[in-house]
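Good morning, everyone, and thank you for making the time. I would like to walk through one structure with you, slowly, and I will try to keep to what can be computed from it.

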Amino acid sequence: AEYMGHFLSVYFFSPGGHAMLSLAPLVLLGVLALPSTAVPPISPIPPIIHQIWISPNPIPPNWNAAHRAWLHMHPQWQAMMWSEETCRNLIATHYSWFLEQWDEYSLLIQHADVCRYFALHRFGGVYADLDIRPLRSIEPVLHQAEKDGQEVLLLEKDTEILNSFGGVGGGVCIGMMASVPRSRFWDDVFDMLQYRRHRWYYMFSNHLKVIFGTGPQVVTPVYHASPVKVGMFSAVRFYACHPCSELPCQRDGGWVRFESGGLLWNKVDTKIINFFDCHVIRPVLNPCTLALLTVVALVVLVLRHARPILSALRTGVCRAAAALAH
């Protein structure tokens, strides 16, 4: 209709427009051939690999080797290694509205978390933790994402982790991500960062401050609610191991390997949580066990309160009968 209206306005209201009358059949055929809805193409994910090292210590040798593997597998890519200084400069130059919150973060890992979001928003490309070594080129995955109209790729968590909680949560890992530049997805992540800026429970644990304040639990709710089309680096190919695995580790047929020495930010609270996860939740609290424990808890609850409930019912019936007798 838009194209037809334009044609008629040119014909009837522009000088010499009647000369286009002979082209009318061709114009009409072109209008009829147009699709009913025009979907703008998704720009490709740029060939950039972003990695971050925010520490006064040198990068471990095996992580340097993993970094070089990215360049070897993707020789045409641009490498951007971010430091504390360059991350802050990125925020100060292009996202100055966030600088106060950036300076408020007390942990280096919080800066590393946040820097990857802004780098992907500004430049697009692929982000990977330094302890992730590629075993083959991931370009086929990026090309498929472009064909599927996906603006962002996140790392799917191992289904074993989700099954530990009966499939509840559907979280993602932020250790490897990809994006087109300026995706709205990251604008929503920025909003979530501000929303999670202060929480009363951060005082109890740095682990909670990282996971919920800047880490995966910032990205996960955005992923579930975002209108942006988001794809996944599948766990089968890219999630080589979980916190309970011995490092280095990789899956059979996997596309990456996790090197040893990861999770350097872990302190006592994180180690306790991981110990509980590995030795209690995973071995014991599988879905069947959770269902059984739920049934047992309900039975205990009913038995505990059955006597007061029956007594109250009996009292109520007696009072009703007495009222009817009068």
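What follows is a tour of a pocket, its salt bridges, a surface patch and a few single residues.

Please keep in mind throughout that this is a predicted model, and that local features are taken up here at a pLDDT of at least 70, while side-chain atom pairs count at 80 or more.

Let me begin with the second largest pocket, which holds about 160 Å³ of space. Its lining is made of 14 residues, and those closest to its centre are Glu104, Arg197, His198, Tyr202 and Lys209. If you ask which elements give two or more residues to that lining, they are helix H5, residues 99–104, and helix H10, residues 206–213. Sorted by class, the lining of this pocket comprises six polar residues, five charged ones and three nonpolar ones.

Two of the residues just named, Glu104 and Arg197, bring me to the salt bridges, of which the structure holds eight. The side chains of Glu104 and Arg197 meet in one of these, with a nitrogen-to-oxygen distance of 2.9 Å. This pair links distant parts of the chain, since Glu104 sits in helix H5 and Arg197 in the loop between H9 and H10, 93 residues apart. How accessible are the two partners? Glu104 has a relative accessible area of 36% and is therefore partly exposed, and Arg197, with 24%, is partly exposed too.

Helix H5 takes part in another such contact, in which the side chains of Asp103 and Arg88 form a salt bridge, again listed at 2.9 Å from N to O. Here too the pair links distant parts of the chain, with Asp103 in helix H5 and Arg88 in helix H4, residues 84–94, the separation being 15 residues. Asp103 is partly exposed, at 43% relative accessible area, and Arg88 is likewise partly exposed, at 32%.

A salt bridge within a single helix joins the side chains of Arg184 and Asp188, at 4.0 Å from N to O. Both residues belong to helix H9 and lie four residues apart, which is about one turn of the helix. Asp188 counts as partly exposed because its relative accessibility is 21%, and the cut-off for buried is under 20%. Some salt bridges also share partners, and in this way Glu100, Glu104 and Arg197 are joined into one network.

Staying with helix H9, we find Phe190 there. Is Phe190 buried or exposed? With 3% relative accessibility, Phe190 counts as buried. Its C-alpha atom is separated by 8.7 Å from that of Phe98, although the two residues are 92 apart along the chain.

Turning to the surface, Trp200, Met203 and Phe204 make a nonpolar patch of about 460 Å². Within that patch, Met203 is placed in the loop between helix H9, residues 184–195, and H10, and Met203 counts as exposed because its relative accessibility is 66%.

My last stop is a backbone detail at Arg182, a residue other than glycine whose phi is nonetheless positive, near 65 degrees. Arg182 is found in the loop between strand S6, residues 172–179, and H9, and at 48% relative accessibility Arg182 counts as partly exposed.

That is the end of the tour, and I am glad to go back to any of these places.

Terms used: Residues are numbered from 1 along each chain as its sequence is written. Side-chain values use heavy atoms; hydrogens and water are left out. On a 1 Å grid over the protein atoms alone, a cavity is a set of points where a 1.4 Å probe fits but cannot get out, and a pocket is an open set with protein on both sides within 12 Å along at least five of seven lines; lining residues have an atom within 4 Å of a point. Grid points are joined across faces, edges and corners, and a volume is the space filled by probe spheres set on the points. Ala, Val, Leu, Ile, Met, Phe, Trp, Tyr, Cys and Pro count as nonpolar, Asp, Glu, Lys and Arg as charged, and the others, Gly among them, as polar. Patches are made of residues with over 30% relative accessible area and no salt bridge: like charges are joined within 9 Å, nonpolar side chains (Val, Leu, Ile, Met, Phe, Trp, Tyr) within 5 Å. Accessible areas come from the Shrake-Rupley method with a 1.4 Å probe; for residues, only the protein chains shown count as cover. Buried means under 20% relative accessible area, exposed over 50%, partly exposed in between (1.4 Å probe, protein chains only).
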